[in-house]
Amino acid sequence: MVQTVIFDLDDTLVDSHSIRELRDQRNWAEVDKQLDSLKLFHGIRELLEWLRTDKSVLVAVVTNAPRKYTEKLLTLNNLHVDHIVCYGESRYPKPTQEPIVKAIRELKGSPYRTIAIGDRCIDVESAKGAGV
């Protein structure tokens, strides 16, 4: 039985492709100006709500984005998750396993009962390294 579901943020939950270059440049002031224009992918809100109706499944976001950006984007889209791990909150970022391991540990989960969902190879590498 699945215990934990971990999502990447950008281009997984939120269609942020239009600001990818700004994010890659770490131009957070410009990114911040465009957050209102970013939209959730179709069905994401319903998926998260469905996952959260089962109190035995915990939902996390693990991202290489900064916390301020992540929280603002989740708030603007009225998304609620049980835990967030952002850039700088683990010793090493994705593609290492550390942020995924940290999320699972802090949610008192097991890698064998976790699903990780992301859009890039670094998400897959991180999850595989964590035993997910």
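Two strands count as paired if DSSP finds at least two bridges between them. Keep that cut-off handy for the exercises below, and remember that you're looking at a predicted model.

**Exercise 1. Work out how β1 pairs with β6, and which residue of β6 is the bridge partner of Val5.**

*Solution.* Start with strand β1, which covers residues 4-7. Next, check the bridges: β1 and β6 share four of them, in the parallel sense. The cut-off is at least two bridges, so the two strands count as a pair. Now zoom in on Val5: its bridge partner in β6 is Ile115.

**Exercise 2. Give the strand order of the open sheet, then explain why β5 and β6 each have one side without a neighbour.**

*Solution.* Lay out the four strands first: the order reads β5-β4-β1-β6, and the pairing is parallel. Then look at the edges, where you find β5 (83-85) and β6 (114-117). Each of these has a single partner strand, so one side of each has no neighbour in the sheet. Finally, add the twist: on average, neighbouring strands are turned by 20 degrees against each other, direction ignored.

**Exercise 3. Find which strands α4 and α5 lie across, and at what angle each helix runs to β5.**

*Solution.* Take α4 (residues 67-76) to begin with: this helix lies across β4 (58-62) and β5, and runs at about 145 degrees to β5. Move on to α5 (residues 98-106), which lies across β1, β4, β5 and β6. The angle of α5 to β5 is about 155 degrees.

**Exercise 4. Place His83 and describe what its side chain is up to.**

*Solution.* First, locate the residue: His83 sits in strand β5. Then check for polar partners, and you'll see the His83 side chain in a polar contact with the side chain of Glu106, at 2.5 Å. Leaving out residues up to four places away in sequence, His83 also touches Val59, Ala60, Val61, Ala103 and Leu107.

**Exercise 5. Describe the largest pocket: its space, its lining and the elements that contribute.**

*Solution.* Begin with the space, about 240 Å³. Of the 15 lining residues, those closest to the centre are Asp10, Arg23, Asp24, Asn64 and Arg120. The elements giving two or more residues are α1 (20-24) and α6 (121-129), and α1 has the largest share, with three. Sort the lining by class and you get 10 charged, three nonpolar and two polar residues.

**Exercise 6. Track down the cis peptide bond and say where Pro95 is.**

*Solution.* The cis bond joins Lys94 and Pro95, with omega at about 25 degrees. Pro95 is in the loop between β5 and α5.

Conventions. Residues are numbered from 1 along each chain as its sequence is written. This is a predicted model: local features need pLDDT of at least 70, side-chain atom pairs count only at pLDDT 80 or more; totals for chains, interfaces and linings use all residues. Side-chain values use heavy atoms; hydrogens and water are left out. Axes are lines fitted to C-alpha atoms, for helices over the stretch in contact, and angles run from 0 to 180 degrees between N-to-C directions. Contact means heavy atoms within 4.5 Å. On a 1 Å grid over the protein atoms alone, a cavity is a set of points where a 1.4 Å probe fits but cannot get out, and a pocket is an open set with protein on both sides within 12 Å along at least five of seven lines; lining residues have an atom within 4 Å of a point. Grid points are joined across faces, edges and corners, and a volume is the space filled by probe spheres set on the points. Ala, Val, Leu, Ile, Met, Phe, Trp, Tyr, Cys and Pro count as nonpolar, Asp, Glu, Lys and Arg as charged, and the others, Gly among them, as polar. A polar contact is a pair of N or O atoms within 3.5 Å; within protein, one must be able to donate a hydrogen and the other to accept it, and residues adjacent in sequence count only if both atoms are side-chain atoms.
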